[in-house]
Amino acid sequence: MKPKHIEVIAARTQRAVEDKQGDVAFDYFDTIGEARRKAKHYLTDEYQRTSEASEPLNYAQVCVNGECVADYFRKGYNGDQP
């Protein structure tokens, strides 16, 4: 069985993630559940404050071996705005 490479990519826009221009990428998750929780956390006001980001991250994607298995949108994000 091929080892699982689980990563989260998050960015201000969905397009940035799809173009692999994400602001955050971590590939060391042991489980998909752990990656999903982290992806949701990146979209919170708390993460924006603790990372001292001037703008929030609006979209996050969980990928296993390069294939998207889950995606998350920040509440209020409509996809057209950065």
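**Close-up 1. E55 is partly exposed, with a relative accessibility of 37%.** In this predicted model, the side chain of E55 forms a salt bridge with R12, and the closest N and O atoms of the pair are 2.9 Å apart. Because R12 belongs to the loop between β1 (6-11) and α1 (14-18), while E55 belongs to the loop between α3 (45-50) and β3 (59-64), the pair ties together parts that lie 43 residues apart in sequence. R12, like its partner, counts as partly exposed, its relative accessible area being 32%.

**Close-up 2. D45 and R74 meet through their side chains in a salt bridge, with an N to O distance of 2.2 Å.** D45 is located in helix α3 and R74 in the segment that follows β4 (67-73), so that this contact ties together parts 29 residues apart in sequence. The two ends of the pair fall into separate accessibility classes: D45 is partly exposed at a relative accessible area of 44%, whereas R74, at 14%, counts as buried, since the cut-off for that class is under 20%. The total for the model comes to 2 salt bridges.

**Close-up 3. The largest nonpolar core comprises 16 residues, and V8, Y42, L57 and V62 have the most contacts inside it.** At least two residues of this core are supplied by each of β1, β2 (24-29), α2 (32-42), β3 and β4. Leaving aside residues up to four places away in sequence, L57 touches A10, A11, R12, D23, V24, Y42, L43, Y47 and R74. Two of the salt-bridge residues shown above, R12 and R74, are thus among the residues that L57 touches. A second core, separate from the largest one, consists of 5 residues, among them I9, A11, V17 and Y59. As a general background to such views, nonpolar side chains in soluble globular proteins tend to be buried together.

**Close-up 4. K20, although it is not a glycine, has a positive phi of about 60 degrees.** The residue is found in the loop between α1 and β2.

**Close-up 5. E52, a residue other than glycine, has a positive phi near 55 degrees.** Its position is in the loop between α3 and β3, which is also the loop that holds E55, the salt-bridge partner of R12. With a relative accessible area of 72%, E52 is exposed, whereas E55, at 37%, is partly exposed.

How values were computed: Residues numbered from 1 in each chain as written. Predicted model: local features only at pLDDT ≥ 70, side-chain atom pairs only at ≥ 80, totals over all residues. Heavy atoms only, no water. Salt bridge = Lys/Arg side-chain N within 4 Å of Asp/Glu carboxyl O. Helix = DSSP H or I, 4+ residues; strand = E, 2+ residues; numbered from the N terminus. Buried < 20%, exposed > 50% of the residue type's maximum accessible area, 1.4 Å probe, protein only. Core = buried A, V, L, I, M, F, W, Y, C linked by side-chain atoms within 4.5 Å. Contact = heavy atoms within 4.5 Å.
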